[in-house]
Amino acid sequence: MLFSRRLMLGLAMAGTLASALTFPALAGEGPTEIDLYFPVPVDGKLARDMGTLIKEFNDGHPDIKATAVYTGSYDDTLIKTRASIKAGKPPAAVIMSANFLLDMQIENELTNLDALIKADGTTKEQFLGQFFPALQGNAVINRSVYGVPFHNSTPLLYINADKAKEAGLDANKPPQTWAELTDWAKKLTKRDGDKVTQWGIAIPCAYDYCGWMMETLTMSNGGRYYNEEFGGEVYYDTPSMLGALTWWNDLVSKFKVHPPGATPGPAVSTSFISGNAAMMMLSTGSLTYVRDNAKFNYKVAFIPRNVRNAVPIGGASLIIPAGVEADKQKAAWTLIKWMTSPEKSAWWSRATGYFAPNMAAYKTPDMVDFLNKNPDAKIAVEQLDVAKPWFATYKTVPVRKNLEDEVMLVLNGKKQPKDALVAAQKAADETLKPYNAETSLKLP
C-alpha cells in the first residue's frame, strides 16, 4: 500500500495527567470521556500548565471528562497517535505539530473539520478569521480545515543585554543582518587562551529543531525549504540553503563564535541562562522559561536577515484523528473551541511563551496588562508580518531527517555544506518518490 504507515513501535505510552473531576451520573449516564494527547517540545512547565487548563475545562463541562496524556516530543506524539489509530483506539484530540497535518491528511489519518464548523452555524472563512493569517497555511489543506491553531511560535534572537553592554553593544539596537550578527558574536565571544569561556551565539540542532532552524536561515537568505503548494518537493540543494548552512558552519568553524557540534534545544537554553552563550536563536515558546530563569537583563529581536526578513511558523494545532466515535468527536470539538477561545488562548500564551493564535486574545484585559508589563512578548506577534508556513510534505519527518542528518555532519566537522546538501536532496527525493509517482508523475 503506497501510503502505508511505517510505525515506530516500542515507545511506551507516556503517563497520564489525571486532571479531571468525577461528576455524578445523570439519568444513568456518565460524562463522555476523552483523551487529549499533548507534547512538550520546549523548556518550561507545560505539563503542569496543561493539567491546570484541562481541570478548568472539566470543572465547567460536567458532561465531558477530558484527560490530558503526555506523549513526549512532537515526533513521539505523531508516532503514538498513528499507533492508536491503527489499533482502533485513537484519542479524541491531539495537540499535533502543525507541519505534520499534510502528511496525516495524505494518509487519511485526520478528521475533516468542515462539517463541525458548519454545524455551529458559521463558515470556514468566519472560523479561520479568528486566527492570524500566517497560521492558516498549516491548518487548511485542499480548502478544508484539518487543524485549529493552538500554540504557535516563531524563532527569535535572544540577547543577554548585560553582556552586550559589557562588549560595548546596545541590545536595544539588535543586529539586523547576518553581517551584524556575526560582528556581535565575535565581540561577545570570550577566550582564555584556546579555551572559549563565553560563546557569542548558539543555535539548536537536534531532530525537529534542526530542520526548523534550517528553514529559518534559508528563508532569511531569500529561499524556500519546500513547495508550499505540493507535498512532493523540497529545495535542499539550492544556493539559498547552501548559503544558510555555510554561514551557520562558518560561525562554528571559521569564526569560532558558536559551539561545535549539533546542540539540542534544552542545552542551548541552559547555555544562555547560565551565561555560557551571550545570544541564541530559539522558539518564542521558550520565552516564559527565559523570563522566569534569567538572572540578567535580556532582549528578544527578529531573526536577522541576509536577503530578506522571513521566518517560519512553528508550534502546534489541535486535531481530531480519524476514527473517533461521534460522541467523542463532539466532545473533542467542544474542548478544541474552548482551548482556542480568546480567553484561554491568552492564558496559555502568558503561561508558556507561545504567542496566542486567536487575535482577539490580545484585546482581553489580562493580556493587555501582561503585554504592558512584558513587552518582549510582542516581538513574536510583530514578526508574524514576515512569517510563512512551516515545511509540510509527504512523510514530513523522514524528509526532514534526510536534511538534519547531513546538517549534523557538517556542524560536527565531518562533511562540507555542498556535499551534505547534495546528499540530503538525493535522499529526500527518494523518500518522496512514491508520492510523486502517484501525483505529479502519474500522467494520462
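The torsion about the S-S bond of Cys205 and Cys210 is about -60°, so the disulfide in this predicted model is left-handed. A disulfide is here a pair of cysteine sulfur atoms within 2.5 Å, and in general terms it is a covalent bond between the sulfur atoms of two cysteines. The search of the whole structure finds 1 disulfide, in which Cys205 is joined to Cys210 with an S to S distance of 2.2 Å. Both Cys205 and Cys210 are buried, where buried stands for under 20% relative accessible area, exposed for over 50% and partly exposed for values in between, computed with a 1.4 Å probe on protein chains only.

Residues are numbered from 1 along each chain as its sequence is written. As the model is predicted, local features need pLDDT of at least 70 and side-chain atom pairs count only at pLDDT 80 or more, while totals for chains, interfaces and linings use all residues, and side-chain values use heavy atoms, with hydrogens and water left out.

Two helix pairs involve helix H9, with helices (H or I, at least four residues) and strands (E, at least two) taken as DSSP runs numbered from the N terminus. The axes, which are lines fitted to C-alpha atoms, for helices over the stretch in contact, with angles from 0 to 180 degrees between N-to-C directions, come within 9 Å for H9 (residues 239-254) and H17 (residues 417-438) and cross at roughly 135°. H9 and H17 are therefore oblique to each other, given that angles under 35 degrees count as roughly parallel, over 145 as roughly antiparallel, 65 to 115 as roughly perpendicular and the rest as oblique. The crossing of H9 with H17 is right-handed, a crossing being left-handed if the near helix is turned anticlockwise from the far one by less than a right angle, and right-handed if clockwise. Met241, Leu242, Leu245, Thr246 and Asn249 of H9 make the contact with Pro417, Lys418 and Leu421 of H17, contact meaning heavy atoms within 4.5 Å. By class, this contact of H9 with H17 has 5 nonpolar, 2 polar and 1 charged residues, where Ala, Val, Leu, Ile, Met, Phe, Trp, Tyr, Cys and Pro count as nonpolar, Asp, Glu, Lys and Arg as charged, and the others, Gly among them, as polar.

For helix H7 (residues 178-188) and H9, the axes come within 11 Å and cross at roughly 10°, which makes H7 roughly parallel to H9. Here Trp178, Leu181 and Thr182 of H7 meet Gly243, Ala244, Trp247 and Leu251 of H9, and the residues of this contact divide into 5 nonpolar, 2 polar and no charged.

In helix H10 (residues 265-274), the buried residues are Gly265, Val268, Ser269, Ser271, Phe272 and Ile273, and they pack against elements including strand E8 (155-160), helix H8 (209-220) and strand E11 (279-283). Just after H10, Gly275 takes a positive phi of about 90°.

Two further buried residues may be described through their surroundings. Met50 lies in helix H1 (residues 46-60) and has a relative accessible area of 1%; apart from neighbours within four places in sequence, Met50 is in contact with Leu36, Phe38, Ala68, Ile95, Phe150, Met339 and Trp348. Asn138, in the loop between helix H5 (124-128) and strand E5 (140-141), counts as buried at 7% relative accessibility, and beyond residues up to four places away in sequence, Asn138 touches Ala98, Asn99, Leu101, Ile313, Pro389, Trp390 and Ala392.
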